[in-house]
Amino acid sequence: MKRVLAAALFAAALIPAVFAASSEDSIQYVDSFSFMADNEQYANLYEAINNCMSANEVESRYEDLKSYIGTTAQDWMILMKASLNCAHYHLEVAPKKNSKRAKELISYASDIYKALEKANVDERLLMPLHFCLLSLDYLAHPLSIAKGLESIAVIDKAYESYPTELAIANLYAARRLNAPAIGGGDSTEAFEIYTAILSCITTSQTNIPEVSKWELFDAYAGIAKCYAKQKDKEKALPYYEKALALYPANEAVLDAIKDISKY
């Protein structure tokens, strides 16, 4: 697999989509992973995972994606991310957790990452993939503290280097939002990033490509969680509802709405 991948990597044309707000003072975000949104099989898989469908359905869609995967760098990055998404599903989303299957998928994704790394793929693409890999590996092996610390270092460096890369900004905001204060958590900074992302997307010119559905979902859910942390139900609920409109059966959002209803 690695030889085939290394030989084909340089055939990919990695052209990012740019999301520019109309105001000169607004942040301009770049989505170098916009090619994933154009992959029907990946979008179908993400739909199954984010709508908490059955393990059989998720695995079926994953195998369908694998059957369509080509040999470009974009293809293999899609397969790596899909493998990690499925691993996360088996660890956190599935009604019946399957850590063995998750670890298999993480190992497979790790092999792909190593091949991409050897082929000198642009680090702005590698860094968020590396962060996702380390984070899932840590989730599967919670006693491996070093992996958790390394994942934090990777996303912090990625954001320092590429703060306007959409995927990196979303991941970094999530890291700041979900970490405890002693571990670098900062919900205020997370809120600022999510707000900038949404402001950019919603004020973009009509000729700018549409943002990936999952990136928009993360931004909506992120802002909602920021408000929820402040016990501000009135402001949190509309953003949770926007996130739910994208993935109506997402159990994490449904549970969050139930929780804030107790305020």
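This passage describes the fold content, the charged pairs and several individual residues of a predicted model.

The secondary structure of the chain consists of 13 helices and two strands. The chain has 263 residues, of which 50% count as buried. Its exposed area comes to about 12900 Å², and carbon and sulfur atoms account for 52% of that area. When contacts in the chain are restricted to residues at least 6 apart in sequence, 62% of them join residues at least 24 apart.

Charged pairs are considered next. Side chains of opposite charge can pair when their charged atoms come close. The structure contains ten salt bridges. One of these salt bridges is formed by Glu165 and Arg124, whose closest N and O atoms are 3.8 Å apart. Glu165 is located in the loop between α8 (145-161) and α9 (166-178), whereas Arg124 belongs to helix α7, so the pair ties together parts that are 41 residues apart in sequence. Both partners are covered to a degree that places them under the 20% cut-off for burial. The relative accessible area of Glu165 is 3%, and that of Arg124 is 19%.

A salt bridge also connects the side chains of Lys147 and Asp137, with an N to O distance of 3.9 Å. Lys147 is in helix α8 and Asp137 in helix α7, and this pair links distant parts of the chain, ten residues apart. Lys147 has a relative accessibility of 27% and therefore counts as partly exposed. Asp137, with a relative accessible area of 16%, is buried.

In a further salt bridge, the side chains of Asp186 and Arg176 meet at 3.6 Å, N to O. Asp186 is placed in the loop between α9 and α10 (187-202) and Arg176 in helix α9, so this salt bridge ties together parts that are ten residues apart in sequence. Asp186 is partly exposed, its relative accessible area being 27%. Arg176 counts as buried because its relative accessibility is 17%. Elsewhere, Glu59, Arg101 and Glu104 are joined into one network by salt bridges that share partners.

Glu215 is a charged residue without such a partner. This residue is part of helix α11, which spans residues 213-229. Glu215 is buried but has no salt bridge, and the nearest side chain of opposite charge, that of Lys81, is 7.1 Å away. A salt bridge requires a side-chain nitrogen within 4 Å of a carboxyl oxygen. The side chain of Glu215 does make a polar contact, at 2.8 Å, with the side chain of Asn170. Apart from neighbours within four places in sequence, Glu215 is in contact with Leu166, Ala167 and Asn170.

On the surface, Tyr138, Ile145 and Leu149 make up a nonpolar patch of about 290 Å². Tyr138 is situated in helix α7, residues 123-140. With a relative accessibility of 31%, Tyr138 counts as partly exposed.

Positive phi values occur at two residues described here, Cys52 and Asn120. For Cys52, phi is near 55°, a positive value in a residue other than glycine. Cys52 lies in the loop between α3 (40-50) and α4 (55-68). Its relative accessibility is 19%, so Cys52 counts as buried. For Asn120, phi is about 60°, again positive although the residue is not a glycine. Asn120 is found in the loop between α6 (99-118) and α7. In contrast to the buried Cys52, Asn120 is exposed, with a relative accessible area of 65%.

Ser60 is in helix α4. The relative accessible area of Ser60 is 43%, and the residue is therefore partly exposed. Along the chain, Ser60 and Leu45 are 15 residues apart, and their C-alpha atoms are separated by 8.7 Å.

Definitions and conventions:
Residues are numbered from 1 along each chain as its sequence is written. This is a predicted model: local features need pLDDT of at least 70, side-chain atom pairs count only at pLDDT 80 or more; totals for chains, interfaces and linings use all residues. Side-chain values use heavy atoms; hydrogens and water are left out. Helices (H or I, at least four residues) and strands (E, at least two) are DSSP runs, numbered from the N terminus. Buried means under 20% relative accessible area, exposed over 50%, partly exposed in between (1.4 Å probe, protein chains only). Lys and Arg count as positive and Asp and Glu as negative; His and the chain ends are not counted. A polar contact is a pair of N or O atoms within 3.5 Å; within protein, one must be able to donate a hydrogen and the other to accept it, and residues adjacent in sequence count only if both atoms are side-chain atoms. Contact means heavy atoms within 4.5 Å. Patches are made of residues with over 30% relative accessible area and no salt bridge: like charges are joined within 9 Å, nonpolar side chains (Val, Leu, Ile, Met, Phe, Trp, Tyr) within 5 Å. Accessible areas come from the Shrake-Rupley method with a 1.4 Å probe; for residues, only the protein chains shown count as cover.
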